[in-house]
Amino acid sequence: MKTSYKTRYAASPQDVKSYDTTRLREEFLIDDLMVPNKINLTYSHYDRFITGSAVPTSAPLKLESIDALKANYFLERRELGIINIGAAGKVVVDGQTYELDHKEALYLGQGNKSVEFSSNSADDPAQFYLNSTPAHKAFPNKKIGKNDVEVIELGAPETANARTLRKYIVNSVVDVCQLQMGMTTIKPGSSWNTMPAHVHDRRMEVYFYFEIPSDQAVSHFMGEPQETRHIWMSNNQAVISPPWSIHSGSGTSNYSFIWGMAGENLDYGDMDHCKINELK
Ligand SMILES: O=C[C@H](O)[C@@H](O)CC(=O)C(=O)O
Ligand SMILES: [Zn+2]
């Protein structure tokens with residue numbers, strides 16, 4: 001069995017106030033991503049959002065259904081977003097092959113029965129990051145190449161938050177039920193993402209941090225705006241952000257991250273911003 005999964009339940013902000021470092025990490029940190037020759041998944045009860053990775057080496061990896069879905073196949077009642085952060089690879093979906101180069105993405109709609117991941121080179125594998133959410137309507141599969149994304153420049157060097165945000169799977173690029181995904185890259189010399197911070201109680205979010213140098217780290221900030229906590233993150237780790245929580249981070253170097261969201265609406269701009277000098 002090359003597919004395994006863990007379950008994470010939803011926690012209330014009242015409870016999270018009393019969590020120590022260990023408990024906070026047990027509930028929110030995902031630290032088993034990008035393991036070669038495995039599909040590792042985390043099933044969160046926040047919006048039933050699945051976060052995972054597939055790193056095929058010499059043999060392809062098949063996306064199998066997991067017991068938590070009680071489904072005949074993984075995408076029976078789900079949609080899936082895939083972003084490749086490794087070398088070139090392929091995703092074969094019901095006989096159709098999609099070539100995914102570094103930082104290319106694929107949206108798969110509900111109803112696809114067979115999904116198989118492979119790398120073009122076993123020594124330099126593809127690294128597929130996966131986000132999946134419940135879906136009850138089948139939208140067409142779509143590859144999103146580097147030229148298909150919507151690019152926004154945010155922040156400034158003076159406030160150490162200069163970054164480039166790329167929207168890959170949003171409803172202006174591809175038809176989706178509820179999944180949204182994109183990638184943000186912090187510019188050299190800057191460290192802060194998503195600052196000014198925001199919450200969006202309509203949607204939960206998962207952040208996957210990558211391109212962090214091995215001797216550096218990112219401190220991820222979570223919690224209600226007036227009751228924040230932090231989690232130190234290493235390269236290729238993800239963190240679940242409850243709908244009531246801010247999700248912001250500051251690195252000891254620059255880095256990139258993939259954000260994925262699901263919930264009540266598809267309005268990317270629906271955020272309640274927090275005043276920086278009012279955070280606690
Ligand atoms: O709700 C939106 C998400 O938190 C991210 O898209 C924000 C982000 O990448 C950034 O500002 O750096
Ligand atoms: Zn957000």
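Which residues have the most contacts inside the largest nonpolar core? In this predicted model, they are Ile169, Phe208 and Tyr209, within a core of 67 residues. The points below cover this core, the surroundings of ligand 1, and the loop residue Ser234.

**Nonpolar core**
- Strand β18, spanning residues 203-210, gives the most to this core, contributing 6 residues.
- Beyond its neighbours within four places in sequence, Tyr209 is in contact with Val218, Met233, Asn235, Gln237, Tyr255 and Phe257.

**Shell around ligand 1**
- Ligand 1 is surrounded by Leu154, Arg163, Leu165, Gly182, Thr184, Asn193, Thr194, His200, Glu205, His247, Trp259 and Met271.
- By class, this shell comprises 4 nonpolar, 6 polar and 2 charged residues.
- Two strands, β14 (163-169) and β15 (180-186), each supply at least two residues of the shell.

**Ser234 and its loop**
- Ser234 lies in the loop that runs between β20 (227-233) and β21 (237-241).
- Because 13 other C-beta atoms lie within 10 Å of it, Ser234 is partly exposed; a residue counts as exposed at 12 or fewer and as buried at 20 or more.
- With neighbours within four places in sequence left aside, Ser234 is in contact with Ile212 and Ala217.
- Ser234 and Tyr19 are 215 residues apart along the chain, and a distance of 21 Å separates their C-alpha atoms.

Conventions: Residues numbered from 1 in each chain as written. Chains lettered and ligands numbered in written order. Predicted model: local features only at pLDDT ≥ 70, side-chain atom pairs only at ≥ 80, totals over all residues. Near = placed C-beta within 6 Å. Helix = DSSP H or I, 4+ residues; strand = E, 2+ residues; numbered from the N terminus. Nonpolar A, V, L, I, M, F, W, Y, C, P; charged D, E, K, R; others polar. Core = buried A, V, L, I, M, F, W, Y, C linked by C-beta atoms within 7 Å. Contact = placed C-beta atoms within 7 Å.
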